[in-house]
Amino acid sequence: MRAAVLVPAASGQTGRIELEERAAPEPGPGEVLVDVRAVGVCGSDVHYYEHGRIGDFVVEEPMVLGHESAGVISAVGPGVTGLAVGERVSVEPGVPDRSCPQCLAGRYNLCPQMRFFATPPIDGAFAEQVVVHQAFAHPVPDSMSDDAAALLEPLSVGVWACRKGGVGPGSRVLVTGAGPIGLVAVQTALAFGATSVAVSDVNPARLEMAGALGATELVDARSSSVTDIAPPNILLECSGFPPAITEGIRALDRAGRAVLVGMGGDEIPLPLSVVQGRELEVTGTFRYANTWPTAIALVAAGRIDLDRLVTGHYGLADAEASLTVGRSDPFSVKVIVHPDR
Ligand SMILES: NC(=O)c1ccc[n+]([C@@H]2O[C@H](COP(=O)([O-])OP(=O)(O)OC[C@H]3O[C@@H](n4cnc5c(N)ncnc54)[C@H](O)[C@@H]3O)[C@@H](O)[C@H]2O)c1
Ligand SMILES: [Zn+2]
């Protein structure tokens with residue numbers, strides 16, 4: 001099979017993507033083989049390509065990028081039940097050990113033994129075929145496109161953020177950052193019953209898309225401050241930019257909750273008197289757990305539109321171009337690599 005492989009450069013430098021012929025992976029016990037049809041390009045793929053590392057995760061050996069994927073089952077390993085060849089599935093890219101205290105408590109996203117696609121040294125899905133444990137290959141309805149099935153992964157980040165924030169009927173939500181994550185957070189908050197969803201960004205095209213997806217108020221952070229809107233009771237911080245994080249916390253109403261999804265500087269100033277005086281709750285999020293069933297149902301019911309986020313398509317041989325377009329095109333939101341093209 002063909003795979004687009006990131007060959008790392010010297011530390012901190014931009015690597016290069018090489019198309020390689022590799023042995024097809026074989027599904028082991030309880031695993032399925034998936035012919036990949038669509039893979040969303042994530043900011044983390046771009047970051048590994050440009051810098052060769054994210055924090056302590058360093059690309060030391062050539063690695064296949066891509067962790068937002070969907071395709072068709074083409075083989076099943078021994079002991080697989082309930083999944084069959086020919087079924088279309090969305091791939092949940094992180095497989096935990098399923099036996100540690102965090103897994104047993106239901107927080108498998110916090111499993112220390114997690115094996116996650118395209119996180120060194122685990123290969124991702126910019127490849128014609130991938131193998132995944134059967135419990136993490138989620139069947140999708142025929143009505144759902146391959147692109148949308150792949151984008152259930154970023155949608156899961158939005159679902160998890162809304163759950164952590166306790167978004168429900170009547171919630172007043174502020175989403176800072178209208179990238180792919182912010183845009184799924186907006187849609188999920190509305191689907192969960194939020195009655196106002198304000199969105200801030202510095203990119204007018206992204207704000208416009210947020211408005212088209214149902215955001216009730218748009219804040220251009222270049223000229224306005226989120227602290228001037230009616231105070232929200234939940235912040236879904238999806239930019240990772242330290243000023244947006246601090247301002248978002250300052251914007252919250254009393255007894256509000258700040259959900260920090262965006263990954264920015266390792267340390268940021270916390271407005272402690274605001275957090276204390278208003279009894280705010282602040283939580284991080286790390287990926288998601290048990291989100292695919294909800295994500296599939298919301299998209300299948302037409303409550304969330306993932307296809308709308310897609311601004312470009314690439315074949316496997318053009319995978320490198322899919323990683324650079326975001327830097328040059330302000331209208332780019334989410335691009336998809338199709339390993340079968
Ligand atoms: N916690 C998790 O598990 C998790 C999972 C996936 C992604 N993330 C993080 O979520 C963040 C969003 O991901 P993405 O793919 O949408 O990234 P992105 O870079 O496409 O989106 C970030 C957006 O923030 C906007 N922005 C910049 N400055 C701003 C400001 N001052 N105020 C408001 N908006 C501002 C940018 O214009 C951009 O549209 C990233 O930091 C990513 O690392 C976290
Ligand atoms: Zn575990």
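This report describes a zinc site, a small set of paired strands, a helix, the nonpolar cores and one loop residue in a predicted model.

## The zinc site

The zinc ion (ligand 2) is held by four protein donors, namely D97 through OD and C100, C103 and C111 through SG, which lie 2.1 to 2.3 Å from the ion. Along the chain these donors of the zinc ion follow the spacing D-x2-C-x2-C-x7-C. The angles among the 4 donor atoms run from 97 to 119 degrees, and the site is tetrahedral. For comparison, the ideal angle for four tetrahedral donors at a metal is 109.5 degrees.

Two of the cysteines can also be described by their accessibility. C100 counts as buried because its relative accessibility is 11%, and C103 counts as buried because its value is 12%, where the cut-off for burial is under 20%.

## A sheet of three strands

An open sheet is formed by 3 strands in the order β2-β1-β6, with antiparallel pairing. Its edge strands are β2 (16-21) and β6 (63-64), each of which pairs on one side only. Strand β1 (residues 2-7) is joined to β6 by 2 bridges, and these two strands run antiparallel; within this pairing, L6 has M63 of β6 as its bridge partner.

## Helix α7 and its surroundings

Helix α7 spans residues 242-251, and its buried residues are I245, T246, G248, I249 and A251. These buried residues pack against three strands and a helix, namely β13 (172-176), β16 (234-237), β17 (257-260) and α8 (272-277).

## The nonpolar cores

The largest nonpolar core has 97 residues, among which F126, L152, L236 and L306 touch the most other members. Helix α4 (residues 152-165) gives this core its largest share, 7 residues. A second, separate core of 14 residues includes L174, A198, V226 and I249, and I249 is also one of the buried residues of helix α7.

Setting aside residues up to four places away in sequence, L236 touches A161, C162, V173, L174, V175, T176, A185 and V259. Among these contacts is L174, which is included in the second core.

## A buried residue in a loop

T285 lies in the loop between β18 (281-284) and α9 (292-300). Despite this loop position, T285 counts as buried, because its relative accessibility is 12%. Leaving out residues up to four places away in sequence, T285 touches W160, A161, K164, V259, L260 and V261. Of these, A161 and V259 are also among the residues that L236 touches.

How values were computed. Residues are numbered from 1 along each chain as its sequence is written. Chains are lettered from A and ligands numbered from 1 in the order in which they are written. This is a predicted model: local features need pLDDT of at least 70, side-chain atom pairs count only at pLDDT 80 or more; totals for chains, interfaces and linings use all residues. Side-chain values use heavy atoms; hydrogens and water are left out. Donors are N, O and S atoms within 2.8 Å of the metal (3.2 Å for Na, K and Ca); water is not among the atoms, so sites may look incomplete. Four donors count as tetrahedral if all angles lie between 85 and 135 degrees; four count as square planar and six as octahedral if opposite donors are over 155 degrees apart and all others between 65 and 115; anything else is irregular. Buried means under 20% relative accessible area, exposed over 50%, partly exposed in between (1.4 Å probe, protein chains only). Helices (H or I, at least four residues) and strands (E, at least two) are DSSP runs, numbered from the N terminus. Contact means heavy atoms within 4.5 Å. Two strands pair if DSSP finds at least two bridges between them. A nonpolar core is a set of buried Ala, Val, Leu, Ile, Met, Phe, Trp, Tyr and Cys residues joined through side-chain atoms within 4.5 Å.
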